[in-house]
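Reader: I'd like to go through some helix packing and a ligand site with you, and hear the reasoning behind each label. Shall we start once the structure is up?

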Amino acid sequence: MPEDFLWGASTSAYQVEGASLTDGKGPSVQDKKKIPENTTDFSVAIDHYHRFREDIALFKELGLKAYRFSIAWSRVLPTGKGEVNPAGLAFYQEVIDECLKAGIEPIVTMYHFDLPYALEQTGGWNNRQTIEAFVDYAQLLFDTFGTQIKYWLTINEQNMMVLANETVQSGKKSLKQSFQENHHMLIAQAKVIKKYHEGKYAGQIGPAPNIAYGYPASSAPEDILAAQWFNSLRNWLFLDIPVYGQYNPQAMNFLQTLHIQPEFAKGDSEILAEGICDFIAFNYYNSNTVAENKLNQQTQSASQSAFEVPYFFKAVANPHLQKTEFGWEIDPISFRITLHELYNRYRKPLLINENGIGGRDEPTEDGAIHDNYRIDYLAKHIKEMTQAMNEGVEVIGYCPWSAIDLISTHEGMEKRYGFIYVNREEFDLKDFKRLKKDSFYWYQKVIQQGEV
Ligand code: BGP
């Protein structure tokens with residue numbers, strides 16, 4: 001492992017902070033969305049807003065070299081634009097200072113699923129004005145933290161927001177609208193990257209999609225073609241733009257064939273061409289297996305982001321893979337395949353932003369948490385990553401999900417991901433005590449030794 005390898009861990013604002021309307025924070029879409037009946041909302045989360053010093057001290061003890069977190073847009077700009085909330089900026093200033101004091105490199109995501117609700121009400125990403133709001137927000141972050149932050153991530157999992165989105169899946173939002181919103185996000189991202197480079201800040205900036213290679217279900221040419229369509233739409237569309245400055249041709253052809261291609265405003269092509277990223281950050285949880293979809297059968301895949309398009313492809317379960325207790329397939333080798341695929345295509349340094357396994361953890365009477373299944377998952381993925389690096393892929397850091405238990409996006413508090421256990425349940429807030437899991441001690445050693 002290179003000396004300066006960024007052994008880290010990740011969180012996102014709405015999943016850890018709590019204090020969702022405290023000290024001037026405006027609501028985000030996460031504070032307004034319909035929460036399933038048996039899971040908690042995000043109003044308190046793990047109370048990181050009030051306990052970040054204790055948490056960062058634990059991250060230091062864990063040995064983290066980097067901490068990837070997100071800034072809540074509506075904490076610093078309560079309505080998404082216009083008036084700044086000084087208390088919001090002050091909070092992130094303290095988090096950043098605390099990390100730097102602890103010798104931890106802060107890696108900042110600007111937007112992680114939490115669009116300010118006020119912007120959502122004026123049309124969200126369907127409204128081109130949201131592009132300017134994002135650019136101004138980013139400029140505010142660069143002006144305030146630009147000398148301290150060396151790694152900026154623009155938008156977390158834009159591809160999942162567009163493709164695995166319930167409103168789209170249930171047909172409430174058309175694919176046409178979804179890809180128009182996607183286009184606006186891509187324009188916003190390109191503008192922000194360009195601004196960052198023009199400002200000559202001493203750091204780097206990159207996109208942060210979820211990338212997972214799609215396998216063909218068989219050697220039938222039809223399945224291979226289906227997997228190629230899937231990969232172009234799910235993966236390459238979101239990286240060809242920040243790397244090559246233009247749409248992936250196969251993905252664009254797909255959009256045109258279905259008459260859902262985005263409308264370009266004058267100058268959009270030039271904007272996309274000018275926002276070229278410095279590195280690629282990506283999240284990886286599992287692979288996808290894809291078959292042809294002549295009959296438009298039901299998707300049966302057990303993956304985080306299964307989706308299908310009639311006549312193009314459908315996701316299917318992979319009989320060679322085991323699953324997590326929450327039903328996600330486990331595929332460390334595909335992590336290596338994905339790393340190779342990314343580096344072969346784009347030749348940019350790669351930063352893993354998220355990788356991990358969600359499960360139910362229970363402390364024993366003496367307060368220990370035996371999460372061997374997590375150690376096993378992470379060890380296998382780190383081995384495959386190391387192997388890919390030995391085979392020539394440039395990886396600059398690994399930030400598993402998550403640094404500490406947090407509220408899962410889909411399954412509440414029941415599904416835990418952290419190295420550190422947080423003593424709260426779905427609805428019983430208990431005392432928020434932090435407890436080190438077995439994986440904490442294990443990862444500490446991995447970081448010290450630089451290998452599994
Ligand atoms: C990614 C998100 C994270 C996190 C993770 C696990 O898509 O970037 O925010 O939630 O997936 O997903 P879940 O919490 O649904 O298990």
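Author: Happily! This is a predicted model, and a good place to begin is helix H5, which passes helix H7 in a right-handed crossing.

Reader: What makes the crossing of H5 and H7 right-handed?

Author: A crossing is right-handed if the near helix is turned clockwise from the far one by less than a right angle. H5 passes H7 in that right-handed sense.

Reader: Why are H5 and H7 called oblique to each other?

Author: Their axes cross at roughly 50 degrees and come within 11 Å. Roughly parallel needs an angle under 35 degrees, and roughly perpendicular begins at 65. The pair is therefore oblique.

Reader: Which residues make the contact between H5 and H7?

Author: From H5 (residues 86-101) there are Leu89, Tyr92, Gln93 and Ile96, and from H7 there are Leu140, Thr144 and Phe145. By class, that contact has five nonpolar residues, two polar and no charged.

Reader: Turning to H7 and H10, why are these helices described as roughly parallel?

Author: The axes of H7 (residues 129-145) and H10 (residues 175-198) cross at roughly 30 degrees and come within 9 Å. Angles under 35 degrees count as roughly parallel, and therefore H7 and H10 get that description. Their crossing is right-handed.

Reader: How do the residues of the contact of H7 with H10 divide by class?

Author: Into nine nonpolar, two polar and three charged. Among the H7 residues in this contact are Glu132, Phe134 and Phe142, while H10 brings, among others, Lys191, Lys195 and Tyr196. Glu and Lys count as charged, and Phe and Tyr as nonpolar.

Reader: Where does H10 meet H11, and what classes of residue are in that contact?

Author: Phe179, Asn182, Leu186 and Gln189 in H10 meet Leu233, Leu237, Phe238, Ile241 and Pro242 in H11. Seven of these are nonpolar, two are polar and none is charged. The two helices pack at about 30 degrees with axes 10 Å apart, in a right-handed crossing.

Reader: On to the ligand: which residues are closest to it?

Author: Glu157, Thr409, His410, Lys415 and Tyr417 are the closest of the 16 residues that surround the ligand.

Reader: How do you know that Thr409 makes a polar contact with the ligand?

Author: An N or O atom in the Thr409 side chain is 2.6 Å from a ligand oxygen atom. A polar contact needs such a pair within 3.5 Å, and 2.6 Å meets that. Asn156 also has a polar side-chain atom 2.9 Å from an oxygen atom of the ligand, and for Glu354 the value is 2.9 Å too.

Conventions: Residues are numbered from 1 along each chain as its sequence is written. This is a predicted model: local features need pLDDT of at least 70, side-chain atom pairs count only at pLDDT 80 or more; totals for chains, interfaces and linings use all residues. Side-chain values use heavy atoms; hydrogens and water are left out. Axes are lines fitted to C-alpha atoms, for helices over the stretch in contact, and angles run from 0 to 180 degrees between N-to-C directions. Helices (H or I, at least four residues) and strands (E, at least two) are DSSP runs, numbered from the N terminus. Angles under 35 degrees count as roughly parallel, over 145 as roughly antiparallel, 65 to 115 as roughly perpendicular and the rest as oblique. Contact means heavy atoms within 4.5 Å. A residue is near a molecule or strand if one of its heavy atoms lies within 4 Å of it. A polar contact is a pair of N or O atoms within 3.5 Å; within protein, one must be able to donate a hydrogen and the other to accept it, and residues adjacent in sequence count only if both atoms are side-chain atoms.
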